[in-house]
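Work through the exercises below with the structure open. Try each task before you read its solution.

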Amino acid sequence: MSIGVLPTSTLAGRFFLCERVAESRAPVKTQHRNETPDWLNTPAQQERRTQTHGLLLAWYSRYGRHTLPWRHTRDPYAILVSEVMLQQTQVERVLPKYQAFLARFPTLAALAEAPTSEVIKAWAGLGYNMRAVRLQQIAQEAIARYAGALPNTLDGLLSLKGVGRYTAGAIACFAFDQPVATVDTNIRRVLWRVFRGIEPIVWPAGVSGEREALALAAWALPGRNTDQARVEVATQPSSQSEQSDAAQAAYDWQQALMDLGATVCQSRRPACEQCPLTEVCAAYAEVAALTLFPSGEALARLRDERAALSEHPEHTGASEHPQPQMGQVAETRAASTSDANTTRETPEIDGNSRPTATVAKPRKATQPFTSTTRYFRGRIIATLSELAAGESLALAELGLLVKPNFSPDDLPWLRGLVDGLARDGLVRWLTGKQDDAAEEARVALP
Ligand code: SF4
C-alpha cells in the first residue's frame, strides 16, 4: 500500500519529555467541537485510519498493559486519582502509591473530608505536592456541587476547578463509558507520527495547539461515528448497544495509543522495529524515503537534525527549509539515548520537564537538583510530614532540618519558600508571618 507522506510543520525549537498534558498551561476548558482539518479529509487518510485501528487494537489485545490497576475499575473517583497521579510521574512510582492512597481515602467523600495534612502525607513520594491539594479541592467541589459524586458529563467535569480537558475526557471515557476523545502526550505523539509525519521539536502551543491535537484525536477515534460529533458526550445514542460498542472502542483505542506511546513509540527514540504500525505510519514513511534502512533511531536523528538545521540555517548554505542530505540519517548513530525498552511515562509539555539536547546543541550545564527551589520545597513538606498531628516547627528549627549549614542569614530565603508553600495551600503559618525578625515564626502542614 502506498500512502503519501505529509509535510511536517515547524521543526525549530527544543524537545521535551513528558506523559500527561500539563493542564495548568492554557487548558482547553470548553472545547467540544473540532473542525476536522482538510489534510485529514482524504481517502488516503481514511484508509490509513481504518488500517491503524485494526493493527493497533490487535497489538493492544496482545501487548497492552492490561494489569495496570486503574484498567480494572470504572469508579470515577479511582480513575480521577490515577489520572492526577500519572501527571508528571512515572507509572512505576504511581503503582504502589495508588493502592495505598485509595486504601486511605476510599471514596470522594473520604478525601474531601480528610485533613489536608493527611492528604499531603499520603502523597509523599510522588512529588509535585500541589497535585494532592488540588485533588482534594476537586473532591470538595464535586461533593458540594454535584451531590457527593463526580459529574458524569464532559461539561460537568470541566466545570471543576483544576480539571482540564485531558482529565475530563479520560474520566468521561474510562469511567462513564462516553466515546469522548482525549489527548495526553502519548496520544498526541503517536497520532501525529502516524497521520502527519515526524513531529516538531516544539509542539504547537496554547489553546490552538491543543485544539489541533484534539481534532486529530476526535477524527481518529473508532466507533460508529466518524464526524466531529464524537468529541461531544453522546447524548442521543441510536441504541444502547451501539453506544456501548462505541464507548468500548474508544476506551480500548485510547488506552492502546497510550500504551504504544509509553512502550514503543516513545518520545526520544521510537522503537519502530517493534511497532505494529510501520506500514501505515507517516513518520516512518518519511524516514523510509530517505534511507534504505529506516528505523526509530534514524527517525529520531532526522527529527533532531531538522531541528538543528532550522535553528542554524547558516550551517547548511540554505536559507529556507533546510533538509538533511540523503543517507545522512541512517548512517549516523546517536549516542546511547534510546529509551525504547523502558516503560517509563514522563510528562512532555510541563514547565518542569527536562529538555534534551538536539544534535547541534551541547547540553547546557544544569543546576544540581539538590540546590533547586523544588528540592527545598519538597524537603520542607517531607520534614513537616514527619511531625505528629498538632505539632509545628519554628522557622529556624525547620531551616536546620532542611538545609545543611543553615544560618540566620538563610531565614529570609526560607521564609520566602514557606510563603510560597502557604500560598499553594501546602503549609500554614501559625505565628510570625508578618514579622521579618521573628525567628520563632512557626509553620506546620495545613
Ligand atoms: S512506526 Fe515508529 S514512529 Fe510510527 S508509530 Fe510506530 S514507533 Fe511510532
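The exercises go from the whole protein to single residues, and the model they use is predicted.

**Exercise 1. The whole protein**

Task: Find how many helices and strands the protein has, and what share of its residues is buried.

Solution:
- Start with the secondary structure. The protein has 17 helices and five strands.
- Next, take burial. Of the 446 residues, 42% are buried.
- Last, look at contacts between residues at least 6 apart in sequence. Of these, 73% join residues at least 24 apart.

**Exercise 2. Around the ligand**

Task: Describe the shell of residues around the ligand: which come nearest, and which elements give two or more residues?

Solution:
- The shell holds 16 residues, and C265, P270, C272, C275 and C281 come nearest to the ligand.
- Now sort the shell by element. Helix 9 (185-195), helix 12 (282-288) and helix 13 (296-311) each give two or more residues.
- Helix 9 has the largest share, with three residues.
- Then sort by residue type. The shell has 13 nonpolar residues, two polar ones and one charged one.

**Exercise 3. Two buried helices**

Task: Decide whether helix 2 (residues 76-86) is enclosed or open, and say what covers its buried residues.

Solution:
- Count the buried residues first. In helix 2, eleven of the eleven residues are buried, so the helix is largely enclosed by the rest of the structure.
- The buried set runs through P76, Y77, A78, I79, L80, V81, S82, E83, V84, M85 and L86.
- Look for the cover. It includes helix 3 (91-104), helix 4 (108-113), helix 6 (130-145) and helix 8 (165-174).
- Follow the chain past the end. Just after helix 2, Q88 has a positive phi of about 70°.
- Turn to helix 8. Ten of its ten residues are buried, and helix 8 is mostly covered.
- Among the buried residues of helix 8 are R165, Y166, C173 and F174.

**Exercise 4. A helix pair**

Task: Work out how helix 16 (residues 395-402) and helix 17 (residues 411-423) are set against each other.

Solution:
- Two packed helices are described by the angle between their axes and the distance between the axes.
- Here the axes of helix 16 and helix 17 come within 10 Å and cross at roughly 95°.
- Angles of 65 to 115 degrees count as roughly perpendicular. Helix 16 and helix 17 are therefore roughly perpendicular to each other.
- Name the residues in contact. Helix 16 brings L395, A396, L398 and G399, while helix 17 brings L411, L414, R415 and V418.
- By type, this contact has six nonpolar residues, one polar and one charged.
- Check the link too. N405 is in the loop between helix 16 and helix 17. N405 has a positive phi of about 60°, yet is not a glycine. With 6 other C-beta atoms within 10 Å, N405 is exposed.

**Exercise 5. A three-stranded sheet**

Task: Give the strand order of the open sheet of three strands, and find the edges.

Solution:
- The order is 3-5-4, and the pairing is antiparallel.
- Strand 3 (393-394) and strand 4 (428-431) stand at the edges. Each has a single partner strand, so one side of each is left without a neighbour in the sheet.
- Zoom in on one pair. Strand 3 and strand 5 (residues 442-444) are joined by two bridges.
- Within this pair, A394 has R442 of strand 5 as its bridge partner.

**Exercise 6. Three loop residues**

Task: Sort W123, E199 and A147 into buried or exposed.

Solution:
- W123 sits in the loop between helix 5 (116-122) and helix 6. W123 has 23 C-beta neighbours inside 10 Å, so it counts as buried. Beyond neighbours within four places in sequence, W123 is in contact with N129 and A132.
- E199 belongs to the loop between helix 9 and helix 10 (206-220). E199 has 22 C-beta neighbours inside 10 Å and so counts as buried. Apart from residues up to four places away in sequence, E199 touches R189, W192, R193 and R303.
- A147 is in the loop between helix 6 and helix 7 (154-158). With 8 other C-beta atoms within 10 Å, A147 is exposed. Its phi is positive, near 55°.

Conventions. Residues numbered from 1 in each chain as written. Predicted model: local features only at pLDDT ≥ 70, side-chain atom pairs only at ≥ 80, totals over all residues. Near = placed C-beta within 6 Å. Helix = DSSP H or I, 4+ residues; strand = E, 2+ residues; numbered from the N terminus. Nonpolar A, V, L, I, M, F, W, Y, C, P; charged D, E, K, R; others polar. Axes fitted to C-alpha atoms, helices over the stretch in contact; angles between N-to-C directions. Parallel < 35°, antiparallel > 145°, perpendicular 65-115°, else oblique. Contact = placed C-beta atoms within 7 Å. Buried ≥ 20, exposed ≤ 12 C-beta atoms within 10 Å, placed from the backbone. Pairing = 2+ DSSP bridges.
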